[in-house]
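Student: I am new to this structure and would like a close look at a single part of it. Please take one strand and describe its surroundings in one connected answer.

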Amino acid sequence: TPISSIKLAPGSYLLTLQAPGHTTVRYPIVAKRQEKLRLDIQLLRDGEVPQGYVYVPTGRFMFGTAMDEIVRKGFLTTIPVHEVQSEGFLIAKTEVTFRQWIEYLKTLPPDERAKRAMHATTGASTGSVELKEENDGTWRLVMKIGDVTHTARSGEKLVYGSRTVRASQDWLNMPASGMTIEDAEAYAAWLDRSGMLPKARLCTEKEWERAARGADAREFPHGEDLAGSEANIDETYAKEPASMGPDEVGSYPVTASPFGLQDMAGNVLEWTRSALEPNEIVVRGGAFFYAALVERATNRIIMPPTMRDAANGLRLCASIARR
């Protein structure tokens, strides 16, 4: 820099912006044929981006899918791909973990704590999950997937006995799941009040999709195809229910998004607010139980706000003021 007259072939590029005393910014762009592109990118000072979060500046990106109409309408429930723009925002690098959720629960009165603890009961295809506080103040996770029940207390590893890889998991670093949208909003409000994440809130699905795929029309965070070795999906553990379940966040760095976010394909679904219908709630990002088609960054699953599911988790955003 300064860059004032560089010529690029049409295509998708990633800019990395650094300045003394400021947070490094990753900024994906798509250069169009015969376009003159002028970028005005606000940098944030060191300390303005909390640890564990990424700054996504104001910019344009592709929203929706280019897949055929039958898949688009009948399965992905999204709109045809087109260019849109978002204002700048913060977004978490990973899904909220059980460790972070327990820190929140500890600040609540007993009645409220019991209400906000996870208790997604059996009946859902993805199984059940329950987070219990023991009499001695420790916590126990009980997770049932298929006919297999996994349980572990604070300080213990959760062990998937039928796995040959990633069998032992620190469940406190696994994505918290089983919360309703009301629970998620209460958690965001607590982060805002506490000052740990000012203006914390649920992401809109446009923000989520931009953070997942960058500026171009890719279908997955890292490209156009997704293998079972690259994210926690049904193929990862040979579609064996006894081996399925969430992994510790950040276990699949190969599928990091252009903004450096982890697990935006697979692991657990993530609550967001709809950009297409007022008051509609959607989950994005796929989960450990689903095939690659569901894991697409363009896939939207409409959910009742009271839904509790062992595969529904959370990744938070926060608003920032434009200078």
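**Strand 9 and its two neighbours**

Tutor: Strand 8 (residues 128–133) and strand 9 pair in the antiparallel sense, over six bridges. The model is a predicted one, and strand 9 covers residues 139–145. On the side of strand 8, one pair of bridge partners is L131 and L141, the latter in strand 9. The chain gets from strand 8 to strand 9 through a hairpin with five residues between the strands. In that hairpin G137 takes a positive phi, near 90°.

Strand 9 also pairs with strand 10 (residues 148–153), again in the antiparallel sense and over six bridges. Here R140 has R153 of strand 10 as its bridge partner. The hairpin formed by strand 9 and strand 10 has two residues between them. Its turn contains G146, whose phi is positive, at about 65°. Strand 9 is thus paired with strand 8 and with strand 10.

Next come the faces of strand 9. In a regular strand the side chains alternate between the two faces of the sheet. The covered face of strand 9 holds W139, L141, M143 and I145, while R140, V142 and K144 make up the uncovered one. The two bridge partners named above can be placed on these faces: L141, the partner of L131, belongs to the covered face. R140, the partner of R153, belongs to the uncovered face.

Note on methods: Residues are numbered from 1 along each chain as its sequence is written. This is a predicted model: local features need pLDDT of at least 70, side-chain atom pairs count only at pLDDT 80 or more; totals for chains, interfaces and linings use all residues. Side-chain values use heavy atoms; hydrogens and water are left out. Buried means under 20% relative accessible area, exposed over 50%, partly exposed in between (1.4 Å probe, protein chains only). Helices (H or I, at least four residues) and strands (E, at least two) are DSSP runs, numbered from the N terminus. Two strands pair if DSSP finds at least two bridges between them.
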